[in-house]
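Trainee: Could you please pick one place in this model and take me through it closely? After that, I would love to hear how you would read some other places in the same way.

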Amino acid sequence: MEYKRVMTIAGSDSGGGAGIQADIKTISACGCYATSAITAITVQNTLGVQGIHPVPTAILSEQIKAILEDIGTDAIKIGMLHNKQVIEAVAEILQEFALKNVVLDPVMVATSGDKLLEDEAIESLQKTLIPLVRVITPNIPEAEILLGRGIALQEEFPQIAQELAEKYNTSVLLKAGHLHADDLTDVLYDTENGTTTLLKSQRVETQNTHGTGCTLSSALASYLALGRPLSVAASFAKDYLIGAITKGQDYHIGAGHGPVHHFHRFWK
């Protein structure tokens, strides 16, 4: 018997709601075996990020290669990379190992509003890494940075997702969570076959939204590892996230943005 393997390359969240911790929980809950390479250690809780300590780039590269050379992987989720050197190191490994099933969550800002990506790294992310991955999962602030202009209306999403896909030569799952409407529609533009998929949901009123982006991208990578087509994987990942938000909405942990319920399918 063999596990379907998903490697997460991301930062550690000491509060357990986002980053590596959320990724491992999500990958496990979605039926895959999680491995990890830590890019940075963050000092954070539900109130926000108090500090970031990057892992040396050489150590990060060694973590990734140790996993790939022994365990291997069926998919990769990439989260917080923090600086240009780390982005270039990860891109080099993706090319060296010819890794294709890669999901990139272009993390730039935390749910709390704290900045997680250095300014000089954004250009490197755009030019060096994004063209190497299968799909990116930006939220609205991240999409605005990548697109170079503002996004105001839900109706724009299909066009914007396609514009981003064509600009960066990758599929795009554009997330609508930052909009204020009750009805939200994430949009997947699949550049592999030129199709658009609408992923509709109702807003859940809750403070427990920390790590939603990490959770969605990890679930997407997991379902790709399990062999689902991109549009199906995106739909399954969205369903998993909505369940995690809904089942976790009434829990109280910390004084700020709490986590979603990653194991909602297994216990209440």
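Mentor: Gladly! Let's start with the words for the elements: helices (H or I, at least four residues) and strands (E, at least two) are DSSP runs, numbered from the N terminus. Please keep in mind that this is a predicted model.

With those words in hand, look at Pro-106, which sits in the loop between β5 (102–104) and α4 (119–129). Is Pro-106 buried or exposed? Buried means under 20% relative accessible area, and Pro-106 has a value of 1%, so Pro-106 is buried. What does Pro-106 touch, once its neighbours within four places in sequence are set aside? Its contacts are Leu-125, Thr-137, Pro-138, Glu-142 and Leu-146. You can also look from Pro-106 towards Ile-242: 136 residues separate the two in sequence, and their C-alpha atoms are 21 Å apart in space.

Now let's take the same approach to strand β8, which covers residues 183–190. Val-187 belongs to this strand, and with a relative accessible area of 1%, Val-187 is buried. Beyond its neighbours within four places in sequence, Val-187 is in contact with Phe-157, Pro-158, Ala-161, Val-172, Leu-173, Leu-174, Thr-196, Thr-197 and Leu-198. Its C-alpha lies 9.2 Å from that of Ile-160, a residue 27 places away in sequence. Thr-185 is in β8 too, and because its relative accessibility is 14%, Thr-185 counts as buried. With neighbours within four places left aside, Thr-185 meets Gln-154, Phe-157, Ala-176, Leu-198, Leu-199 and Lys-200.

Strand β2 (residues 33–45) gives you another one to try, since Gln-44 is found there. Gln-44 has 12% relative accessibility and therefore counts as buried. Its side chain makes a polar contact of 2.7 Å with the side chain of Thr-42. Past the neighbours within four places in sequence, Gln-44 is in contact with Ser-12, Asp-13, Ser-14, Gly-15, Val-49, Gln-50 and His-210.

Next come the cysteines. A disulfide is a covalent bond between the sulfur atoms of two cysteines. How many disulfides does the model contain? The count is zero. Take Cys-32: the closest cysteine sulfur is in Cys-30, 7.2 Å away, and this is too far for a bond because the two sulfur atoms of a disulfide lie within 2.5 Å. Cys-214 is in no disulfide either, as the nearest cysteine sulfur, that of Cys-30, is 14 Å away. Both of these residues pass the test for being buried: Cys-32 has a relative accessible area of 8%, and Cys-214 is at 14% relative accessibility.

Let's finish with a pair of helices. Two packed helices are described by the angle between their axes and the distance between the axes. Here, the axes of α2 (residues 57–70) and α3 (residues 84–96) come within 10 Å and cross at roughly 25 degrees. Angles under 35 degrees count as roughly parallel, so α2 and α3 are roughly parallel to each other. The crossing of α2 past α3 is right-handed. Which residues meet there? From α2 they are Thr-57, Leu-60, Ser-61, Ile-64, Lys-65 and Leu-68. Their partners in α3 are Gln-85, Val-86, Ala-89, Val-90, Ile-93 and Glu-96.

Key. Residues are numbered from 1 along each chain as its sequence is written. This is a predicted model: local features need pLDDT of at least 70, side-chain atom pairs count only at pLDDT 80 or more; totals for chains, interfaces and linings use all residues. Side-chain values use heavy atoms; hydrogens and water are left out. Buried means under 20% relative accessible area, exposed over 50%, partly exposed in between (1.4 Å probe, protein chains only). Contact means heavy atoms within 4.5 Å. A polar contact is a pair of N or O atoms within 3.5 Å; within protein, one must be able to donate a hydrogen and the other to accept it, and residues adjacent in sequence count only if both atoms are side-chain atoms. Axes are lines fitted to C-alpha atoms, for helices over the stretch in contact, and angles run from 0 to 180 degrees between N-to-C directions. Angles under 35 degrees count as roughly parallel, over 145 as roughly antiparallel, 65 to 115 as roughly perpendicular and the rest as oblique. A crossing is left-handed if the near helix is turned anticlockwise from the far one by less than a right angle, and right-handed if clockwise.
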